[in-house]
Amino acid sequence: MTLQEYDYARERPSKLAASCLLLALTMKNHGGWTPTLEYYSGYCAQDLHPLVRRLNFLLTYQPCDKLRAVRTKYSHRVFFEVAKVTPMDMLKLEEILKSC
């Protein structure tokens, strides 16, 4: 979804990927940012928090009418219907990020 938004073009691809992973881990309750992830990504969790917040906001308030192809594609069973996953509540995400 970030490919469709100009605001994310200035982000480093590695930081964007790491932030997406942290958000996914948080959304699915699979733990947080481990020392191993920090070592191999080169990012500590606190570096990723602002981008994680923006990504969750993008998922929560996504535009309804434009560029639906990506959403439609990832709503399919083949892609585990990841486009249908409910975004995290902003307050709950904030609490989790503060505890990291």
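**Close-up views of a predicted model**

**View 1. Glu81 is partly exposed, with a relative accessible area of 33%.** The model shown here is predicted. Glu81 sits in the loop between α4 and α5. The phi of Glu81 is positive, about 50°, although Glu81 is not a glycine. Most residues other than glycine have a negative phi. Phe80 also belongs to the loop between α4 (69–73) and α5. Phe80 is not a glycine either, yet has a positive phi of about 60°. With a relative accessibility of 73%, Phe80 counts as exposed, because the cut-off for exposed is over 50%.

**View 2. Helices α1 and α3 cross at roughly 70°.** Helix α1 covers residues 13–27, and helix α3 covers residues 45–60. Their axes come within 8 Å. The two helices are therefore roughly perpendicular to each other, because angles from 65 to 115 degrees count as such. Which residues of α1 make the contact? They are Lys15, Leu16, Ala18, Ser19, Cys20, Leu22, Leu23 and Met27. From α3 come Ala45, Asp47, Leu48, His49, Leu51, Val52, Leu55, Asn56 and Leu59. The residues of this contact between α1 and α3 divide into 12 nonpolar, 3 polar and 2 charged.

**View 3. Helix α1 has the span expected for its 15 residues.** At 1.5 Å a residue, α1 should span 21 Å. The C-alpha atoms at its ends are 21 Å apart, so the two values agree. The buried residues of α1 include Leu16, Ala18, Ser19 and Leu22. Leu23, Leu25 and Thr26 are also buried. What covers the buried residues of α1? The cover includes α2 (35–41), α3 and α5.

**View 4. Leu25 is a buried residue of helix α1.** The relative accessible area of Leu25 is 16%. Leu25 therefore counts as buried, because the cut-off is under 20%. Which residues does Leu25 contact, leaving aside neighbours within four places in sequence? They are His30, Gly31, Gly32 and Leu37.

**View 5. Asn29 follows α1 and has a positive phi.** The phi of Asn29 is near 55°. Farther along the chain comes Thr34, in the loop between α1 and α2. Is Thr34 buried or partly exposed? At 34% relative accessibility, Thr34 counts as partly exposed. Thr34 and Cys44 are 10 residues apart along the chain. Their C-alpha atoms are separated by 9.0 Å.

**View 6. Helix α3 has a kink centred on Leu51.** The kink is about 30°. Helix α3 has 16 residues. From its first C-alpha to its last, α3 reaches 21 Å. That is close to the 22 Å expected at 1.5 Å a residue. Leu51 is also one of the α3 residues in contact with α1.

**View 7. The buried residues of α3 pack against α1 and α5 (90–99).** Which residues of α3 are buried? They are Ala45, Leu48, His49, Leu51, Val52, Leu55, Asn56 and Leu58. Leu51, the centre of the kink, is thus one to look for in this view.

**View 8. Glu11 lies in the segment before α1.** Is Glu11 buried or exposed? At 18% relative accessibility, Glu11 counts as buried, because buried means under 20%. Setting aside neighbours within four places in sequence, Glu11 is in contact with Leu51 and Arg54. Leu51 links this view to the kink in α3.

Key: Residues numbered from 1 in each chain as written. Predicted model: local features only at pLDDT ≥ 70, side-chain atom pairs only at ≥ 80, totals over all residues. Heavy atoms only, no water. Axes fitted to C-alpha atoms, helices over the stretch in contact; angles between N-to-C directions. Helix = DSSP H or I, 4+ residues; strand = E, 2+ residues; numbered from the N terminus. Parallel < 35°, antiparallel > 145°, perpendicular 65-115°, else oblique. Contact = heavy atoms within 4.5 Å. Nonpolar A, V, L, I, M, F, W, Y, C, P; charged D, E, K, R; others polar. Buried < 20%, exposed > 50% of the residue type's maximum accessible area, 1.4 Å probe, protein only. Expected span 1.5 Å × (residues − 1). Bend = angle between axes of the 7 residues up to and from the residue.
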